[in-house]
Amino acid sequence: MATIKEIAELTGVSRGTVDRVLNHRGFVNADTEKKVLEIANLLNYQPNKAGMALAAQKKKYVIGVLLFSEENPFFDAVIDGLHQKLEELSIYGCTVLMRRIPFDLKAQLDTIDALRAEGIHGLILSPYNAAEIQFKIDELWEAGIPCVTVNTDIPNSKRIAYVGSDYLKCGRVAANLLQLVGSGIIRLGIVTGSHNILCHEERIHGLSDYVKTNKLPVQIVDIRENGDDDYQSYDVVSAMLSEHPEINALYFTAAGVFGGCRAIQNSELQKQPVVITFDAVPSTVEMLKAGIVTATICQHPEEQGA
């Protein structure tokens, strides 16, 4: 097995330079980097996982995880995927500090500060869409604490990666589904989690832009928030259907689907509305089998967590 020492001797650079190239730490001349990678590839260099694990165990990496909504089963599945991967990473001495909070800017800012005070080395975050969170992510980056956004993004921040769906495309898919299963003029009610969560907004914008561009017979009658909560969703949908009996389709961009569907079941509508949702959590699948949900769009939460 090739070693860093052998690669350094063949390329005529120090072992430290080779280490920076192979571990993507930067600060290396582009030509030197290319030469090191070519030699490493020719020698079929493979990292010494045992050595990496031993070094990591000494550092005891702690990853903070900050997700929304204790009542949202989607994030339960994200956490399941995260814990499955954590078992693989346990040899590297990696542990997590898990926190779940409501859709609240101050709660997220305070929790990020608390996690930092507990000594995290990195942060997995579903960000509230606000400039203050962008600044906080940038501040963590400057302090050597990288962030990865999951499920929803804050793209202008210094996060190192985003793991999640293309939510504008999700909205377009939802519009296509309405076109396929609807008939005549579709009078649509939209129930979203929070206007301060980017993925929820992009699901709305993706649909509305597609409808406008393709001149679909879809009229957005009303848009309301349910806070990802089934009880609140029941009240929101009940009020929406009472005030707008002309609604013949509902689009749920987030959680609270079960509560909203229960409101549909208890309504006095003469005709069952088309219902488009997201995710395949058990309660949504139950409503799909019952014929209340027409179609649901899935986004692999376990894979996101992993």
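Two strands count as paired if DSSP finds at least two bridges between them. In this predicted model, that applies to strand E1 (residues 62-68) and strand E3 (residues 122-125), which pair in the parallel sense over 4 bridges. Val65, for instance, has Ile124 of E3 as its bridge partner. E1 also has strand E2 (residues 95-101) to deal with: 7 bridges join E1 to E2, and these two run parallel as well. Here Leu66 stands opposite Arg99 of E2. Not much of E1 is left uncovered, with 6 of its 7 residues buried.

Next come the nonpolar cores. The largest one holds 54 residues. Leu123, Ile133, Leu178, Leu188, Leu207, Tyr251 and Ile276 have the most contacts inside this core. Helix H8 (residues 167-181) supplies its largest share, 6 residues. Leu178 gives a feel for the company kept there: leaving aside residues up to four places away in sequence, Leu178 touches Ile186, Leu188, Leu207, Ala249, Val274 and Ile276. A second core sits separate from this one and has 16 residues, among them Val191, Val237, Phe252 and Ile264.

Then there is a pair of helices. Helix H6 (residues 105-117) packs against helix H7 (residues 131-142) at an angle of about 10°, and their axes are 10 Å apart. Angles under 35 degrees count as roughly parallel, so H6 is roughly parallel to H7. On the H6 side, the contact is made by Leu105, Gln108, Leu109, Ile112, Asp113 and Arg116; H7 brings Glu132, Ile133, Lys136, Glu139 and Leu140. Sorted by character, the residues of this contact come out as 5 nonpolar, 1 polar and 5 charged.

Technical notes
Residues are numbered from 1 along each chain as its sequence is written. This is a predicted model: local features need pLDDT of at least 70, side-chain atom pairs count only at pLDDT 80 or more; totals for chains, interfaces and linings use all residues. Side-chain values use heavy atoms; hydrogens and water are left out. A nonpolar core is a set of buried Ala, Val, Leu, Ile, Met, Phe, Trp, Tyr and Cys residues joined through side-chain atoms within 4.5 Å. Buried means under 20% relative accessible area, exposed over 50%, partly exposed in between (1.4 Å probe, protein chains only). Contact means heavy atoms within 4.5 Å. Axes are lines fitted to C-alpha atoms, for helices over the stretch in contact, and angles run from 0 to 180 degrees between N-to-C directions. Angles under 35 degrees count as roughly parallel, over 145 as roughly antiparallel, 65 to 115 as roughly perpendicular and the rest as oblique. Ala, Val, Leu, Ile, Met, Phe, Trp, Tyr, Cys and Pro count as nonpolar, Asp, Glu, Lys and Arg as charged, and the others, Gly among them, as polar.
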